[in-house]
Each structure stands twice: as structure tokens, then as C-alpha cells.
Amino acid sequence: MGEIFTHVRDAIRSQQPAALATVIEGHGVGAHLFVRPDTEPIGTLGNADLDRVVTRDALGEIEAGRAGVRHYGANGEANETSVSVFIESYAPPPQMLIFGAVDFTAALSRVAKVLGYRVTVCDARPVFATKARFPMADEVLVDWPNRLLDKVGATLGMRDVICVLTHDAKFDVPAVVSALATNVGYIGVMGSRRTHDDRTKRLRDAGVDAAGLARLQSPIGLDIGARTPEETAISICAEIIGLRTGRAARQLRETDGPIH
Amino acid sequence: MREILNDLDRWQKKGKRIAIARVVDLEGSGPRLPGAAMAVNEDGEVAGSVSGGCVEGAVVAEALDVIATGTRRIVTFGYSDDEAFAVGLTCGGTIHLFLEPLDW
């Protein structure tokens, strides 16, 4: 194992964005280039111009969190195909922010970790928001959710999710208003039908428009009859997956077409 | 790649020679996306996976040959409909793997 793989390994472990470009066909098969934002690339694909073009494309793949094969000429020409380069990006894990340190929070943290999320639990009540109650969370913060989002909201993207589990209007309304100001791909809000109706009214009073309300998954989760915190966590995570992939969550035996 | 790092560290400490196979392209339906990685050491120990278990056996054989010869290669597995015992993806997709020795 050499220098480039060591860089790849360290980037993945420290959750820093990076990409590895590998020539898989054409001149220089097996050459590698390791790319990070704002840093000189390490290694070479055998041609300075090719390195420059691939570095640019690799930075784009990091942004998009993608991996795939691209074709170039020997000097990086875009409309030629003599060299095939596999560009694999290593994005930091997506984040799940859970607002409300309740029983459901522990179960949801566990299931979210299984799916690879970096989990942050946030609640303004210091008695409940303790690391001892949520050992599986990466971070447990005593703060108002809206104040946390004022700080970190701009760093959140489409892959990230926010779950509001407080079902206390005092916390819910400012948390949801702040969540709607982010670009997260999913905002789920817990509560009974009655809580939901009451909260919807309060959100309207707080100035949330129809488009904002439509963006909320409220009440949170799929209709699978979940009762326990663990079952509810599965119902929430299944909803997150289904919305990301654009599927209506039906049984596979009731549908046809490819499974993936 | 993340899920195989601990095994790679362990093998590296023992001085094992290693080949790594990565899904680089996928046509049609397939269980693992580009970037899915599997590593094989010179003793035939395996870490990670590149499909739902359909082609891993064949990948081990290719990987051992990569370790022995040092030759990098693309290996393609497609659908094995009529040949019940041929290696392929039962889901109907085609995957392209790139295999290389981990010496870089």
C-alpha cells in the first residue's frame, strides 16, 4: 500500500471530501490521481493536461457525491475516448438532525446510524439532552433547534434530513420555520393528527406558506402501523428512502419493473 | 471503500499482498452502485462485496490472478439466463469491475 491509498484511507476516515481517479482503459492503465478541494492533487495520470481536466471533473463529482467512468483524449480532450478514467468521490456521510430528546429519538438514532447518517440530537432541555441517553448519536446538543440551525443550516444539503420529534408547539414551530430555510432533502415532523392540525395552524400564523407546509412530512413516517419507538424509527427511515428514490412505498409484490 | 478499510489495515500489518475490485459501471438493474469495493488477499480472504453475492466467487478467482500476475483488468459480468451454473447477475443487469493490485 502506497502513498495515494494512504491519502484515500485518511480522507475517508476523517470524513473529508476527496476523489480518486483511476485510469481503467487506454494509455496508463492503473495510474491514480487523488483530488481534494483547495489542495494540489497527488499522483498523476501520466499527462499534465489530462490531470488538470480530470481534477476539474473530480471536484464536480465530489460536489455531487457521485462515482462513474469518464472518457478523454490522451491530453484530456473532452470529445475523445482513448482514455477511460473511473472517478470515485468520497463525500462525508449525510446528516440527520433530530430535534427533541424523547424515547423515539434513541430508536431513530440507532436506525439512522445503520443507514450511515451522522446523527445530531438537539433539545433545549439539559435534563433530557444527555449523551448518556443517546450514546449512539454522534453529537448531543443542549440548544434551541432554531438557534442550532442559525449556525449550521447553511451547511446542510439535499442528502441531509431533519426530524422534529418534540411535538411541543413551543419548540416545534420555530424549529420547523428554521428547517424550511435550509436546503435539506427531508423535513419530518412528528405528532398525532390532532397535533398536526394544531401545528399547521400555528405554522400558518408564523408565516409559513402553502409551499412550506407542503414540504413537511407531517405526520412523520409511513403508514405501516408502527407503535413502538423502534417500529416508528423504521417507518420514518423507510419514508426518507422512498422520498429520495421517488417511490411510493408499496409492497414489491404489488408492483413490477426493476427493483433498484 | 469505507467498509473494507479495517480489513485492509489488518492485512497490510501482516504484509499480505492485496487486490481490490471496484464496480466502475453498471447497465440495467444491479444491487451495488459504482464505487462498491471488494478486496481479496493472497490467502483468499475477502472483505466487502460488489454484488448481492452473485459474482463474488468469480471475483476472488480473478483477484488472486491479479495478485499473482500484477495485471490490472476490467471484468464484466452479465445476465446468465439459460446457463444456470454460469456466473452472472440474476437480476438481469451487467456490471463492469476494475481489478488492480493494491500497491499504490
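**Entry 1. Salt bridges between the chains**

I take a salt bridge to be a side-chain nitrogen of Lys or Arg within 4 Å of a carboxyl oxygen of Asp or Glu. The model I am reading is predicted. With that rule in hand, I looked up R13(A) and D9(B), and their side chains meet in a salt bridge at 3.0 Å, N to O. At 3.0 Å the pair falls within the 4 Å limit, and it therefore qualifies. Across the interface of chain A and chain B, I noted that the rule finds 3 salt bridges.

**Entry 2. The rest of the A–B interface**

I next asked how many residue pairs are in polar contact across the interface of chain A and chain B. The search returned 9 such pairs, with both residues at pLDDT 80 or more. I then asked which elements of chain A each supply at least two residues of the side that touches chain B. They are α1 (3-13), β1 (18-25), β4 (67-72) and β5 (83-90). The most comes from α1(A), which gives 6 residues to that side.

For contacts, I recorded 27 residues of chain A touching 24 residues of chain B. The area that the two chains bury between them is about 2100 Å². Of this buried area, I noted that 64% lies on carbon and sulfur atoms.

**Entry 3. Chain B as a whole**

I listed the secondary structure of chain B and obtained 2 helices and 5 strands. Read from the N terminus on, their order is α-β-β-β-α-β-β. Chain B has 104 residues, and 47% of them count as buried. I put its accessible surface at about 4700 Å², with 49% belonging to carbon and sulfur atoms. I also looked at contacts in chain B between residues at least 6 apart in sequence; 52% of these join residues at least 24 apart.

**Entry 4. The annotated stretches**

I consulted UniProt for both chains. For chain B, an unreviewed entry lists residues 11-78 as "domain: XdhC- CoxI". Over this stretch I find 25% helix and 34% strand, and the end C-alpha atoms stand 31 Å apart. For chain A, the listing under "domain: XdhC- CoxI", again from an unreviewed entry, covers residues 12-73. There the chain is 31% helix and 32% strand, with 30 Å between the end C-alpha atoms.

**Entry 5. R73(B)**

I located R73(B) in strand β4 of chain B, residues 73-77. Is R73(B) buried or exposed? Its relative accessibility is 18%, and because buried means under 20%, R73(B) counts as buried. I found a polar contact at 2.9 Å between the side chain of R73(B) and the side chain of E62(B). Leaving aside neighbours within four places in sequence, R73(B) is in contact with E62(B), D65(B), V66(B), L97(B), F98(B) and L99(B).

**Entry 6. L165(A)**

I placed L165(A) in the loop of chain A between β9 (161-164) and α5 (169-180). With a relative accessible area of 0%, L165(A) is buried. I then asked which residues L165(A) touches, not counting those up to four places away in sequence. They are I98(A), F99(A), V102(A), F104(A), T105(A), L108(A), M190(A), I220(A) and I236(A). I220(A), one of these, follows P219(A), which I take up in the last entry.

I also looked up the separation of L165(A) from A74(A). The two are 91 residues apart in sequence, and their C-alpha atoms are 54 Å apart in space.

**Entry 7. Backbone geometry in loops of chain A**

I looked at two residues with a positive phi that are not glycine. Q15(A) has a phi of about 60° and sits in the loop between α1 and β1 of chain A. I read its relative accessibility as 34%, and Q15(A) therefore counts as partly exposed. D38(A) likewise has a phi of about 60°, and its place is the loop between β2 (32-35) and β3 (42-43) of chain A. At 84% relative accessible area, D38(A) is exposed.

Last, I noted a cis peptide bond joining S218(A) and P219(A), with omega about -5°. P219(A) belongs to the loop between β11 (216-217) and α8 (229-245) of chain A.

Technical notes: Residues numbered from 1 in each chain as written. Chains lettered and ligands numbered in written order. Predicted model: local features only at pLDDT ≥ 70, side-chain atom pairs only at ≥ 80, totals over all residues. Heavy atoms only, no water. Helix = DSSP H or I, 4+ residues; strand = E, 2+ residues; numbered from the N terminus. Buried < 20%, exposed > 50% of the residue type's maximum accessible area, 1.4 Å probe, protein only. Contact = heavy atoms within 4.5 Å. Areas by Shrake-Rupley, 256 points an atom, 1.4 Å probe, with all protein chains shown as cover. UniProt positions renumbered as here; feature names shortened; annotations may be inferred. Buried area = accessible area lost by both parts, 1.4 Å probe. Polar contact = N/O pair within 3.5 Å; in protein donor to acceptor, adjacent residues only side chain to side chain.
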